[in-house]
Each structure stands twice: as structure tokens, then as C-alpha cells.
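Q: I am new to this structure and would like a close look at one part of it. Could you take me through the largest pocket and the parts of the fold that surround the subject?

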Amino acid sequence: MFDCRRICRNLLIAALLAVGISAAGTAARAQQVVVIVNGDPITALDIEQRTKLAQLSTQRAPTRQEVLDELINEKLKVREAKKFGLEISSSEVDTAFASMAGRMRLTAEQLTEQLAKSGIHVATLKARIKSDLTWPQLVRGRYQSSLQIGDKDILTAMDSKSSDTVGHDYTLRPILFLVPAGSPEPFVEGRKREAEALRNRFQDCDSGIAFARALKDVAVRDPVIRSSADIPAELRKVLEGVEVGRLTAPEVTKFGIEMFAICARKESAADNSPIRRQVRESIMAQRYEERSKQYLQELRRGAMFEYK
């Protein structure tokens, strides 16, 4: 005779055993220490989690040794920073995590959910963030003098660069045609036509600004001075292509239709050109990278490893 209760009971027991075995397997991985670095353990689960994170972020499967080396380096970096009293707080890590999510157009909660769907615990990413925040501060703090860059260093590097070292300082007047949020497309297009009409009429800042102020729902802001060394290359090209006393092309922003009146353009001081700023940043990045690599090698040589 068919005994449903007995069979169902056996199936339930089997299911519970399977769950128990799976949970036990996860727990075993969590406890399985692969290496101890200066007293800090790295487990098989740490390696598994970091491998998943690397695959998600780089779309490439790293080798086990690559992952292990990365985890070892992080242990050494964070421990060394603590030795000098430098420790990144949980709130700083959370803020950086939220900023990362924002750049992906997600909330912190949504990014946590996305990680979970890929089998990654949020603590795995936050551990990497903590290391990434800690190490640059430590390196720059300890080796500040050797990372200093003098004029001679910059001029030597510039000799091999383009001879176009001239920068400019721009005096700009932002002009905004106000567009309420949620306005229909025909209204926005109408405001763009009004902006283009002003642009065609605008011949100099004195008369042009006065005319713009008289227009309805148009805001003329105070002058701002921008150096070409601080402006992205694309915007720098735009400003270089507009005559003094004229307007840049209208651009749709979240506040409305914006243009810039170029009221003055003068040559920047010799030490504030785009090429000089670029060279300085390049030298700084190279020196930091060299010092960082050397420092980490010293930590690894002095570390105690106990492989299991």
C-alpha cells in the first residue's frame, strides 16, 4: 500500500540533510585557512569571494595565485598603516562604497543586491575599498619628500614634449535660459532657439550682457575665471574656437539652456599651462607607483607566511 506520509517524511529528511551538508561545506570553506600572513588568516572562502569580484569587475578570470597575492598585499598594507596610526573608519568605507554605487547610477543598497546576485558578499568589496583608501595615504605620508617635484624635473620632462606650452586664463559669464523641470520637448526647443538668437546677436560682453539681462527668464551669473590647465581637453578646444566677446553654443543642462560669454582671454603664467600640469601629474604618478611598489616589496620580504 502506498505510504505517502512515510515517503514525504523521508524526502523532507533528505532535503534537510542536503541543506545541512551544503551549509557545512560553506562553513568548512570559511574555516579552511590557506595562509596566515603575520598572524592574519586568509581562507579558501576569501579567495573564492575575491575571485568572483575580480571576474565581475574585469570580465576576466584571474588565477588563484593572482587572487592570493592581492589578498596578501591587502593584509600587509592595512597592517602597516595601523602601525603608523592610520586606519580608515567604517563610515569612510561606506561613503566610498556609496560613491562607487552612485557612479554606476545605483544606490548602496542596489549595489549590495547586485553583488549578492553574483554570489559576492558586500564585505568582500568593502575590504578592497579599505585597502585602496589606506595605502595611498600611507605612501604619500611616509615618503612625502621623495615625491616632491621641482621645476627642474618638469622642465626636463617637457623638453621631450610638444613645444605648445602656452595656456590661457578665461573670464567667462555663464548665461542660463531657465527651463522648469519636466517641461515638454517643444518648450525646450523653443528656449534653444531663443538662446541661438542671442548668440547670433551677441558681439561683445558689455552690450551683450546688458541685452541678455533684459530677456525674460534668463539668468546672467557673475564672472568666473578658468585656466585652460584646469579645463578638460574637449572644453578647452571649444573655448579656443570662440572669439572673445562671443558666446559658446547652447547646451542643455538640468537647469536649462546654458552658454558662456568669453569676455577675456589672456596667456597664463608659464607655470600654469596644460602641458605643464600634465607633465607634473605624470611625474607624480610615476614616482608614486615606483615608491609604492618598492614599499610593498619591503613589506613582503619582512612578512611571516605560514601556508596550510
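**The largest pocket and helix 3**

A: Sorted by kind, the residues lining the largest pocket comprise six nonpolar, three polar and eight charged ones. This is a predicted model, and the values here are computed from it. The pocket has a volume of about 390 Å³, and its lining is made up of 17 residues, among which R50, L71, E74, K75 and A127 lie nearest the centre.

As for where the lining comes from, at least two residues each are supplied by strand 2 (40-43), helix 2 (44-58), helix 3 (64-83) and helix 6 (122-142). Helix 3 gives the most, contributing six residues to the lining.

Helix 3 also has a part in the largest nonpolar core, which has 21 residues, with I42, I47, W135 and Y295 touching the most other members. Two or more residues of this core come from each of strand 1 (33-37), helix 2, helix 3, helix 6 and helix 11, and here again helix 3 gives the most, with six residues. I47, one of the well-connected members of the core, touches V34, I42, R64, V67, L68 and L71, when residues up to four places away in sequence are not counted. L71 in that list is also one of the residues nearest the centre of the pocket.

A second, separate core has 16 residues, including F177, V218, I257 and A261.

Returning to helix 11 (residues 274-302), one residue that lies in it is L296. L296 counts as buried because its relative accessibility is 15%, and the cut-off for buried is under 20%. If neighbours within four places in sequence are left aside, L296 is in contact with N73, K77 and W135, and W135 is among the core residues that touch the most other members. L296 and E80 are 216 residues apart in sequence, while their C-alpha atoms are 9.9 Å apart in space.

Another part of the fold is built from strands. Strand 3 (residues 168-178) pairs with strand 7 (residues 256-267) in the antiparallel sense over eleven bridges, and one of the pairings sets L178 against G256, its bridge partner in strand 7. Strand 7 also runs antiparallel to strand 6 (residues 251-252), to which two bridges join it, and a hairpin connects strand 6 to strand 7 through three residues. Within this pairing, V252 has I257 of strand 7 as its bridge partner, and I257 is also included in the second core.

Methods:
Residues are numbered from 1 along each chain as its sequence is written. This is a predicted model: local features need pLDDT of at least 70, side-chain atom pairs count only at pLDDT 80 or more; totals for chains, interfaces and linings use all residues. Side-chain values use heavy atoms; hydrogens and water are left out. On a 1 Å grid over the protein atoms alone, a cavity is a set of points where a 1.4 Å probe fits but cannot get out, and a pocket is an open set with protein on both sides within 12 Å along at least five of seven lines; lining residues have an atom within 4 Å of a point. Grid points are joined across faces, edges and corners, and a volume is the space filled by probe spheres set on the points. Helices (H or I, at least four residues) and strands (E, at least two) are DSSP runs, numbered from the N terminus. Ala, Val, Leu, Ile, Met, Phe, Trp, Tyr, Cys and Pro count as nonpolar, Asp, Glu, Lys and Arg as charged, and the others, Gly among them, as polar. Buried means under 20% relative accessible area, exposed over 50%, partly exposed in between (1.4 Å probe, protein chains only). Contact means heavy atoms within 4.5 Å. A nonpolar core is a set of buried Ala, Val, Leu, Ile, Met, Phe, Trp, Tyr and Cys residues joined through side-chain atoms within 4.5 Å. Two strands pair if DSSP finds at least two bridges between them.
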